[in-house]
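Please look through the sequence and the model below. The paragraphs that follow lead from single residues to the way the helices are packed.

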Amino acid sequence: MQVSAENCYRRARMLSGLKQVEAADALAVGMRTLSDYENGISAVPDDVALAMSRVYNRPELRVEHLRNNPVFMDLMGDVDVKNDMSVSYTHLRAHETSLHL
């Protein structure tokens with residue numbers, strides 16, 4: 001299966017091996033809604049992105065999704081999601097410490 005660097009939600013679904021209809025059913029969204037997410041027509045709500053990461057078994061999708069959040073990007077900068085997710089958590093904890101949270 002060839003996967004390009006397209007929309008992160010489509011890429012995650014394709015890497016999981018799910019067809020769009022299977023993913024839509026598992027996520028309890030319509031096929032058109034999922035298509036709109038994957039084509040960048042509609043913004044993916046946080047709860048749907050979380051469900052996608054679980055259904056697709058792609059925890060890195062959570063960070064990819066958060067890259068669209070300006071507060072997250074201001075706090076974290078450009079996180080390398082290819083690294084272990086614990087690196088991202090450590091990065092966040094370091095920021096919290098520096099901000100005295």
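Is Ala-28 buried or exposed, and what is its relative accessible area? Ala-28 is exposed, with a relative accessible area of 69%. The model is a predicted one, and in it Ala-28 sits in the loop that joins α2 to α3. The backbone of Ala-28 has a positive phi of about 60 degrees, although the residue is not a glycine. Most residues other than glycine have a negative phi. A second non-glycine residue with a positive phi is Asn-57, at about 55 degrees. Asn-57 belongs to the loop between α4 and α5 (60–66), and with a relative accessible area of 61% Asn-57 is exposed. Gly-40, just after α3, has a positive phi of about 75 degrees.

The loops connect elements of one kind. The protein chain contains 7 helices and 0 strands, and along the sequence its pattern reads α-α-α-α-α-α-α. The chain has 101 residues, and buried residues make up 29% of them. The exposed area of the chain is about 6,500 Å², of which carbon and sulfur atoms supply 53%. Of the contacts between residues at least 6 apart in sequence, 36% join residues at least 24 apart.

Helix α3 is a useful place to follow the packing. α3 covers residues 31–38, and its buried residues are Leu-34, Ser-35, Asp-36, Tyr-37 and Glu-38. These buried residues pack against three helices, namely α1 (8–16), α2 (20–27) and α4 (46–55).

Take α1 and α3 to begin with. Two packed helices are described by the angle between their axes and the distance between the axes. For α1 and α3 the angle is about 115 degrees, and the axes are 7 Å apart. On the α1 side, the contact is made by Tyr-9, Arg-10 and Arg-13; on the α3 side, by Leu-34, Tyr-37 and Glu-38. Sorted by class, this contact of α1 with α3 has 3 nonpolar and 3 charged residues, and no polar ones.

What becomes of the charged residues here? Side chains of opposite charge can pair when their charged atoms come close. Glu-38 and Arg-13 form a salt bridge in which the closest N and O atoms are 2.6 Å apart. This pair links distant parts of the chain, with Glu-38 in helix α3 and Arg-13 in helix α1, 25 residues apart. Glu-38 and Arg-13 are both buried. Arg-13 counts as buried because its relative accessibility is 10%, and the cut-off for buried is under 20%. Leaving aside neighbours within four places in sequence, the contacts of Arg-13 are Leu-18, Lys-19, Gln-20, Ala-23, Leu-34, Glu-38 and Tyr-56. Arg-10 also takes part in the pairing: Arg-10, Arg-13 and Glu-38 are linked in a network of salt bridges.

Now turn to α2 and α3. These helices pack at an angle of about 105 degrees, and their axes lie 9 Å apart. The angle therefore makes α2 roughly perpendicular to α3. From α2, the residues in this contact are Gln-20, Val-21, Ala-23, Ala-24 and Leu-27, and they meet Met-31, Leu-34, Ser-35 and Glu-38 of α3. By class, the contact of α2 with α3 has 6 nonpolar, 2 polar and 1 charged residues. Leu-34 and Glu-38 are thus named in the contact with α1 and again in the contact with α2.

The structure holds 5 salt bridges. One of them joins the side chains of Arg-32 and Asp-36, at 3.3 Å from N to O. What separates Arg-32 and Asp-36 along helix α3? They are 4 residues apart in helix α3, so about one helical turn separates them. Arg-32 is exposed, with a relative accessible area of 64%, whereas Asp-36 is buried, at 14%. Another salt bridge is formed by Arg-67 and Glu-64, whose closest N and O atoms are 3.5 Å apart. Arg-67 is partly exposed, with a relative accessible area of 27%, while Glu-64 is buried, with 16%.

Note on methods. Residues numbered from 1 in each chain as written. Predicted model: local features only at pLDDT ≥ 70, side-chain atom pairs only at ≥ 80, totals over all residues. Heavy atoms only, no water. Helix = DSSP H or I, 4+ residues; strand = E, 2+ residues; numbered from the N terminus. Buried < 20%, exposed > 50% of the residue type's maximum accessible area, 1.4 Å probe, protein only. Contact = heavy atoms within 4.5 Å. Areas by Shrake-Rupley, 256 points an atom, 1.4 Å probe, with all protein chains shown as cover. Axes fitted to C-alpha atoms, helices over the stretch in contact; angles between N-to-C directions. Nonpolar A, V, L, I, M, F, W, Y, C, P; charged D, E, K, R; others polar. Salt bridge = Lys/Arg side-chain N within 4 Å of Asp/Glu carboxyl O. Parallel < 35°, antiparallel > 145°, perpendicular 65-115°, else oblique.
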